[in-house]
Amino acid sequence: MSEPPEHSGGAIRRLLIVLLNTDPRNVEELAAPFYHAAVAAAMDYEVDVVCTATAGKLMIKGVAAALHAKTGHPMTVYDWIKEAHEHGARFWACPANLDLFDVKNSDLIPECQGMMGAATMIQGIMNGEYRVLTY
C-alpha cells in the first residue's frame, strides 16, 4: 500500500471542497465554501471545488452572478467564485449535472475547469490525495 502524498512537513497539501448539499436557493449558504476555497488557495494549498447536485447550477453562466449571499451587499456569489479562482482554486462541474440541467460545456462559467466525475473524485479521496470539506 502506498503512502499518501505528502508535503515536506508531512501534511497533505490538497483540499477538495464538495458542494453537494448547498442549495443556490438558500443564498446564505453560498459564501462560506468559496471563502474557504479562497483562503486555502491563498495559503498555497491546491484547492479543487466540485459543484454537484443542485449546487452544480452555480457553474452555469449567470446563476451565481444573480445571487447575493447577503442582501444589500455588492458582492455576488460569482464574485466569491472569481476571488477564489484568482487565488488559485479550481472549479469543476459534475458531468451528471450537464444532463440533469440540460446544459453544455459552453454554458459553464469561465472559472470552471471542466468536469470532475464521481470516479475521479472518489479515487482521489480514497488514495489519500485530499483532505475534504463538504457543504
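Q: Which residues of helix α2 (residues 77-86) are buried?
A: This is a predicted model, in which local features need pLDDT of at least 70, side-chain atom pairs count only at pLDDT 80 or more, and totals for chains, interfaces and linings use all residues. Residues are numbered from 1 along each chain as its sequence is written, and side-chain values use heavy atoms, with hydrogens and water left out. Helices (H or I, at least four residues) and strands (E, at least two) are DSSP runs numbered from the N terminus, and buried means under 20% relative accessible area, exposed over 50%, partly exposed in between (1.4 Å probe, protein chains only). In α2, the buried residues are V77, Y78, W80, I81 and A84.

Q: Why do the buried residues of α2 line one face of the helix?
A: An α-helix has 3.6 residues a turn, so residues three or four places apart point the same way. The arc is taken from the directions that lead from the helix axis to the C-beta atoms. Seen down the axis of α2, the buried residues line one face because they fall within an arc of 155°.

Q: Which elements are included in what covers the buried residues of α2?
A: Contact here means heavy atoms within 4.5 Å. Among what covers the buried residues of α2 are a helix and a strand, α1 (31-42) and β3 (90-93).

Q: Is T76 buried or exposed?
A: T76 is found in the loop between β2 (46-51) and α2. Leaving aside neighbours within four places in sequence, T76 is in contact with A64, A65, L67 and H68. Its relative accessibility is 11%, so T76 counts as buried.

Q: What is the phi of G88?
A: G88 comes just after α2. Its phi is positive, at about 115°.

Q: Is D44 buried or exposed?
A: D44 lies in the loop between α1 and β2. Its phi is near 70°, a positive value in a residue other than glycine. The relative accessibility of D44 is 63%, so D44 counts as exposed.

Q: What is the relative accessible area of D102?
A: D102 lies in the loop between α3 (95-100) and β4 (112-115). Phi of D102 is near 50°, a positive value in a residue other than glycine. D102 is exposed, with a relative accessible area of 66%.

Q: In what order do the five strands stand in the open sheet?
A: Two strands pair if DSSP finds at least two bridges between them. The edge strands are β4 and β5 (131-134), each pairing on one side only. The pairing in the sheet is parallel, and the order is β4-β3-β2-β1-β5.

Q: What is the average twist from one strand to the next?
A: Axes are lines fitted to C-alpha atoms, for helices over the stretch in contact, and angles run from 0 to 180 degrees between N-to-C directions. From one strand to the next in the sheet, the twist averages 25°.

Q: Which residue of β3 stands opposite V50?
A: β2 is mostly covered, with five of its six residues buried. Six bridges join β2 to β1 (residues 14-19) in the parallel sense, and V18 stands opposite V50. β2 also pairs with β3 in the parallel sense, over four bridges, where V49 has F91 as its bridge partner. Opposite V50 in β3 stands W92.

Q: What angle does the direction of α1 make with that of β1?
A: α1 packs on the sheet and touches β1, β2 and β3. Its direction makes an angle with that of β1 of about 170°.

Q: Which helix joins β2 and β3 in a right-handed β-α-β unit?
A: A crossover is right-handed if, with the strands pointing away from the viewer, the path from the first strand over the helix to the second runs clockwise. One such unit is made by β1, α1 and β2. In the right-handed unit with β2 and β3, the helix is α2.

Q: What is the radius of gyration of the protein chain?
A: The chain has four helices and five strands, which run β-α-β-α-β-α-β-α-β from the N terminus on. The radius of gyration is taken over C-alpha atoms, and the globule rule is 2.2 Å times the number of residues to the power 0.38. That rule gives 14 Å for 135 residues, and the chain is as compact as a globular protein of that length because its radius of gyration is close to this, at 15 Å.

Q: What percentage of the 135 residues in the protein chain is buried?
A: The C-alpha atoms fill a box of roughly 50 × 30 × 25 Å, taken along the principal axes. Of the contacts with a separation of 6 or more, 68% are between residues 24 or more positions apart. Buried residues make up a share of the 135 residues equal to 42%.
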